[in-house]
Amino acid sequence: MISELLKKAREQEKETERYIGEDERPVYHLSPRAGWMNDPNGFSIYKGTIHQFYQYYPYKTEWGPMHWGHAVSKDYVKWDYLPAAIAPDESYDNFGCFSGGAVETKDGKQLLVYTGVKSEHKEGKEIIRQTQCLAFGDGADYEKFRQNPVIDHKSIPEGWSPVDFRDPKIWFDEEDDCYYIVAGNRTEDGSGAILLFESKDGKEWKFVTVLDRSRNEYGKMWECPDFFELDGKHFIFTSPQFMQARTLEFHNGNGNIVIVGSYDRKNHSFVRESVSAIDYGLDFYAMQTLKSEDGRRIMTAWMQSWESSKAVPEGQKWFGQMILPRELSCKDGRLYQRPVREIENYRKEHVSYRDVDLFNETTLPGVSGKVCDMELELVPNGQSFREFKISFHSNADFHTDFIYRPEDGIAIFDRTYSGFPNDINNKREFPVRYNGGRLKLRILLDRFSAEIFVNDGGSTCSSTVYAPEDAGKISFSAKGSAVMNLDFWKLDK
Ligand code: FRU
């Protein structure tokens, strides 16, 4: 049975999408079918199809009572919208169906697990409670579980927050024949923790342990956790609120971190080895991963930040987009990211340059456009090389720059002149490990974004950009001399 609220949302999105032209959307980044999108939810495979749900308010380009939007894909690049999956239509989720995960159950159903946020008014005061809830479905329509909520604050350590307790990520572990959930909580010291739960049938859940916690070192509430094994290490992903800037690694506000460690499966004990940022861009949050059928660990994320989410360009009929999903790997205990290889099927009009001497601003025939993929290698020409710069999304009035300074071991992303309507943070410096002065870049541009992968994806930087359609100039320059090799493709769906 579909509730009135869900029916209304489904009608709304069908109606609104007619007025959003394909040419007004990103070409290959998922954007909401209508209205507003934040975190990816339920990023998973169900019966061979890739599903990506998302935090969704179809009525406006602003955050509102959260629904789950729904899209499916066969290759992580081309997405088809399905009708909104769930709406905040129960007493236990009347304030919103917040973030969560999805899994294919042993008996072939698609199980969504999400945070139900309940708002109640008692003695003139609003009381908010966050609990973990289930919905079962067939890949398109879902029925909320009668015994919801299945996890509430009674199952967690005393004194921990019933208000900040959210974002369950679910997976099935074949070896243990068991479902697991990790969820974030804000503990008695006011900062975040990742809680592990287990269930044999996906319905009855038991608290297992605390995998790791912030202890006020890495921000406050830890939102949107994920936990998985990769190349012999274990990884916790989380998006902390209220981070404090430290070196060039962490910036203020909403951040994104990866905790690398080892995991004793039997005792469920995680030992932290390192903590670093996942992406240094201005718009990157709420990462979620899946394991593809061919064994790749693939990540999606909201390519947006809460800080810049009020900067909706005038006339834009949608808000929020996801990164192009990325393949993850681990080398020397560090995370590496590369765009899903499927994007290469959309490359067109290849041009290739070898040994281009760079000093003054250089443009190259065939190298232009707002929707493209490039691989670039830069080799210093003697000791004088001090700086490399690439400008894109550029015309007479607009440009976005990526600058590399080998001596300082830093890169700078600067979108000051990229068309933002508000005076928000538009510049970020980030560390790039020294590579003999050599620089390797992979850059993916879309109409409203830039994703930059430095030195085989050892550092990445993702940001939204709003320069106009004709800002398709791409230019290169260096201070001191360097030689560049470049492969360039337009991207088209
Ligand atoms: C993260 C977040 C989640 C929450 C959702 C609400 O961006 O705040 O913690 O579930 O967004 O839309």
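# Close-up views of a predicted model

**Figure 1. Pro149 is found in the loop between strand 8 (142-144) and strand 9.** The model shown here and in the other figures is predicted. The view is centred on the peptide bond that runs from Asn148 to Pro149. This bond is cis, and its omega is near -10°. Most peptide bonds are trans. The loop that holds Pro149 comes between strand 8 and strand 9.

**Figure 2. Twelve named residues surround the ligand: Asn38, Asp39, Gln55, Trp63, Met66, Phe98, Ser99, Arg166, Asp167, Glu223, Tyr285 and Trp306.** By type, the shell around the ligand has five nonpolar, three polar and four charged residues. Among the residues around the ligand, Trp63 has a polar side-chain atom 3.0 Å from a ligand oxygen atom. For Glu223, a polar side-chain atom lies 2.9 Å from an oxygen atom of the ligand. Trp306 also places a polar side-chain atom by a ligand oxygen atom, and here the distance is 3.0 Å. The ligand taken alone exposes 320 Å², and the protein buries 95% of that. Strand 1 (35-46), strand 5 (96-104) and strand 9 (165-173) are the elements that give two or more residues to the shell around the ligand.

**Figure 3. His268 sits in a loop and has a positive phi.** His268 is placed between strand 15 (257-264) and strand 16 (269-277), in the loop that links them. Is His268 buried or exposed? His268 is buried, as its relative accessible area is 12%. The phi of His268 is positive, about 55°, although His268 is not a glycine. Most residues other than glycine have a negative phi. The side chain of His268 makes a polar contact of 2.7 Å with the side chain of Tyr263. A polar atom of the His268 side chain also lies 3.4 Å from the backbone oxygen of Arg265. With neighbours within four places in sequence left aside, His268 is in contact with Tyr180, Leu196, Glu198, Val208, Thr209, Leu211 and Tyr263.

**Figure 4. Glu342 is a buried residue in the loop between strand 21 (334-339) and strand 22 (347-358).** The relative accessible area of Glu342 is 14%, so Glu342 counts as buried. Which side chain is joined to that of Glu342 by a polar contact of 2.7 Å? The partner is the side chain of Arg296. Arg296 also appears among the contacts of Glu342 that leave aside neighbours within four places in sequence. The other residues in that list are Asp75, Tyr76, Val77 and Glu327.

**Figure 5. Gly48 lies in the loop between strand 1 and strand 2 (49-57).** Gly48 is partly exposed, with a relative accessibility of 31%. Which residues does Gly48 touch, not counting residues up to four places away in sequence? These are Lys74 and Glu293. Along the chain, Gly48 and Glu293 are 245 residues apart, and their C-alpha atoms are separated by 7.7 Å.

**Figure 6. The cysteines shown here belong to a structure with zero disulfides.** How far is the sulfur of Cys372 from the closest cysteine sulfur? The distance is 15 Å, and the closest sulfur belongs to Cys461. A disulfide needs two cysteine sulfur atoms within 2.5 Å. The sulfur of Cys372 is therefore too far from that of Cys461 for a bond. Cys372 is buried, with a relative accessibility of 0%. Cys330 is buried as well, and its relative accessible area is 13%. Cys224 is part of strand 13 (residues 222-230). This cysteine, Cys224, is buried at a relative accessible area of 6%. Cys224 is not a glycine, yet its phi is positive, at about 45°.

Key. Residues are numbered from 1 along each chain as its sequence is written. This is a predicted model: local features need pLDDT of at least 70, side-chain atom pairs count only at pLDDT 80 or more; totals for chains, interfaces and linings use all residues. Side-chain values use heavy atoms; hydrogens and water are left out. Buried means under 20% relative accessible area, exposed over 50%, partly exposed in between (1.4 Å probe, protein chains only). A residue is near a molecule or strand if one of its heavy atoms lies within 4 Å of it. A polar contact is a pair of N or O atoms within 3.5 Å; within protein, one must be able to donate a hydrogen and the other to accept it, and residues adjacent in sequence count only if both atoms are side-chain atoms. Accessible areas come from the Shrake-Rupley method with a 1.4 Å probe; for residues, only the protein chains shown count as cover. Helices (H or I, at least four residues) and strands (E, at least two) are DSSP runs, numbered from the N terminus. Ala, Val, Leu, Ile, Met, Phe, Trp, Tyr, Cys and Pro count as nonpolar, Asp, Glu, Lys and Arg as charged, and the others, Gly among them, as polar. Contact means heavy atoms within 4.5 Å.
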